Amino acid sequence: MKRTDNSEKKLSRRSAWTGLLMLLVAAAMLEATTLIQFYFAEKALNKEASSKAETQLDATKNKIMDMIDQAEAAVRNSVWIAQWSLTCLDSSERVCSRIVETNPVIYGSTIALVPGYSSERPLFSPYVYKSPADTLITVSLATPEYDYPNQEWFVKPLELNQGYWSEPYVDTGGGEMLMTTYSIPIEDYSGKKAAVLTGDISLDWLSDLVSNINIYPNANTLMLSRTGKFMVSRNKEMVKGLSIEEVMAGIRDQEDFKKVERGMNSGGSGHEQVTFHDIVGHVYYAPVERTGWSMCIIIPDDDIYGANRRTRNMVQIMQLLGLILLIAIVRSLIRSQKKNRALNERKNRMENELHIASDIQMSMVPKAFPAFPERTDLDLYAAIYPAKEVGGDLYDFFIRDEKLYFCIGDVSGKGIPASLVMAVTRSSFRTVAVHESSPKSIVGNMNNSLAEMNDADMFVTFFCGVLNLASGDLKYCNAGHNPPMILTDSIRILPSEPNLPLGVMKDMDFTEQQMHFNYDDALFLYTDGLTEAENINHEQFSEERVEAALHGRKSSEEHLKNIQNKVKEFVGEAPQSDDLTMMFIHFLGKPGNDGEKCHLTLHNKVEEISLLAGFIDEIAERKNLDISLASALNLAMEEAVTNVVLYAYPKDSDGTVDIDATLGEKTVEFSISDSGTPFDPTAVPEADITLSAEERSIGGLGIHLVRNIMDSVKYERIDGKNILTMTKNI
Amino acid sequence: MEVKINKNDNIVTAEFNGRLDTPASLEIAQDIESIKKEASGTIVLDCSQLSYISSSGLRLFLSIRKAAAEKGGKVIVKNISNEIRTVFMMTGFLNLFEIQ
């Protein structure tokens, strides 16, 4: 048992682990799928970011180039007139004014002479620019403070001999604007480098342009000049004119940034991933041709992948929570399964025990049928059809001294308590009925012992009968039980006094009744489980149906089975609520016929010897013996029995003498048996009855009388018993 | 079982009433002792109301008879029924007593 328990436990534990493992594998697979999905999503996002950035860079570059082109064109288109103005320097200012006037992109313009080109004016540079009020203002740049011949915009174009875009600078003359200047060398008609023509453009539009680039919420766009100075950034607060080195001082040592820096400064384009104060960013950069500028868009990693990653994290958290929930559910399921199993085991065990209790209960009542196969005068059948629960029904019967002792009873209540009381009642019946021969005293004795120990206030309805099989006389006592039915020529209820049930009160007086059974009469006893059997409409089987079912000639067994079937049919689907117990006693004896038996049991007390007289009288009456014969039989029996009563058992010890009489047609046979010391009365020497009174001894007369009266006397010692058998011819 | 004892001159009459079986014999042992004291005279055992006697009763009768024999008295058994007569016969008591 234990081993199976253990292996069962192991098995269940193993299955629990297997379940958990499978769950974990499923969770891992789900997680892997999620991760793969997110990996590809990131790749897609990355690609998207690249293309967005590149597109943006391209678009922005195109717009810048547009402006640059316009500005360059405006300046170039004025080269010829500037060339002409060299011949008439006073017109230079007008030329510049015209350039500014006709080209909205141009903020200011000047024609600056190469120093020394004109002997009259060694330094000459009239500068025309738009005032905030949109009027044209002319100032001369030919001041010693400004020193235009050393300005980049003047030096570079001459040096390179081509148009040149200056480094962006903050205009100090005008409105503190970031400016850049396109300057182009001018030759005079002789081909000599004479002047530089310039057009300034404000870079404020660039700043606006850059500000409008918002492909990602936190993306920044930077524009670097040729020398790596910040021109504009989307964030306007970003310091103008600071080098990227200065701004990114804190991250200078970062290899990533150096790459970007190098890339941008060398005028290339590309993409780098950088880490900035633990923030990962993606830098896309591209050159703006001709100007030498470089433009980059910095997108924080979070802008690209953030949403995706947050979703991923959320999904993972949800998955984790789901997994935890699932594990919890599985665990509680396993636990409740275990609990259920334990509960089921307990229930099964209880049911098992109830079955055992029921079996024990059933084994207490005689169940071997035919009950008396050797008897032709009695057909008895009894059965308990128990309800689902063990109940408190009982029946019992046995034959002693040619009398059938039988009973049927129903303990109040159900379940184990009822069955225990049933067991006690049944054993009480056996104990009492062994030496009491009247139903009244059997019932009275049982009542006393049950009432004495009845702490549970349970009672037993009980019917007890003693049927003399030789005479057909039935004595009975009904202690509150359903009266049985008697089957003679008709079927009727056996009249019975309504006594209280057993166990209610001590020392109750029970009424005994009697009737006579003739050949073929029968008695049907039952418990209320029969008459009160209910169908689904709550109708009861009732006595009428019982009576109807009892008609017809059947064996006892057939009767009972027939009734049981009828009840089953009647009850239908309704559950059996109470035990159903029935007993059918069919009397087939022929009172007064040959082979009658009489029995008497005496205790080894002298007073009981007197009981022999009644016993002999009954025999004499039955066999119609005359008085003298009866008296002689009485005498012989007394002598034989007295011997046993006085001498068979040690003084003051209890013993019994069993006396059986078999009444034959022509003989009466007596048998006296006792379990006392072995003694053969026939071995006692004959008394000499011819002696005189003086010579006569006191003893020896008894066995002499027995020998004289009886026709045969035989002594046997069988199974530790003295058995004296005597026959008298009649 | 009842025994009535009457004394008249030298004659003691004991009237037995009922069945003299073994228990009854034990009951009347006292009465028998008092009868035996009169054993020098004539003792009449009146059995007209005695319906039954067993060997125990017979022994009591015998003990009276023995006492009488010792003291020179005489025992008369009167009015015995047929059944008791048969018993007396079977036991040889008819020869021991004067039966009237």
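This passage describes strand pairing in chain A and the overall make-up of chain B in a predicted model.

In chain A, strand β1 spans residues 106-113, and 8 of its 8 residues are buried. Strand β1(A) has pairing partners that include β7(A), which covers residues 193-202; the two strands run antiparallel and are joined over 7 bridges. Within this pairing, Thr110(A) has Thr198(A) as its bridge partner in β7(A). Strand β1(A) is also joined to β2(A), residues 126-130, by 3 bridges, again in the antiparallel sense. Here the bridge partner of Gly108(A) is Tyr129(A). In general, strands of a sheet pair through backbone hydrogen bonds, in either a parallel or an antiparallel arrangement.

Chain A also contains an open sheet of 5 strands, ordered β14-β15-β16-β17-β20, with antiparallel pairing. Its edges are formed by β14(A), residues 393-400, and β20(A), residues 513-516, since each of these strands pairs on one side only. From one strand to the next, the twist averages 15°. The edge strand β20(A) is held in antiparallel pairing with β17(A), residues 473-479, over 4 bridges. One of the residue pairs involved is Leu474(A) with its bridge partner Met515(A) in β20(A).

Chain B has 4 helices and 5 strands. Along the sequence, these elements follow the pattern β-β-α-α-β-α-β-α-β. The chain has 100 residues, of which 46% count as buried. When contacts in chain B between residues at least 6 apart in sequence are considered, 74% join residues at least 24 apart.

Conventions. Residues are numbered from 1 along each chain as its sequence is written. Chains are lettered from A and ligands numbered from 1 in the order in which they are written. This is a predicted model: local features need pLDDT of at least 70, side-chain atom pairs count only at pLDDT 80 or more; totals for chains, interfaces and linings use all residues. A residue is buried if 20 or more other C-beta atoms lie within 10 Å of its own, exposed if 12 or fewer, and partly exposed in between; C-beta atoms are placed from the backbone. Two residues are in contact if their C-beta atoms, placed from the backbone, lie within 7 Å. Two strands pair if DSSP finds at least two bridges between them. Axes are lines fitted to C-alpha atoms, for helices over the stretch in contact, and angles run from 0 to 180 degrees between N-to-C directions.
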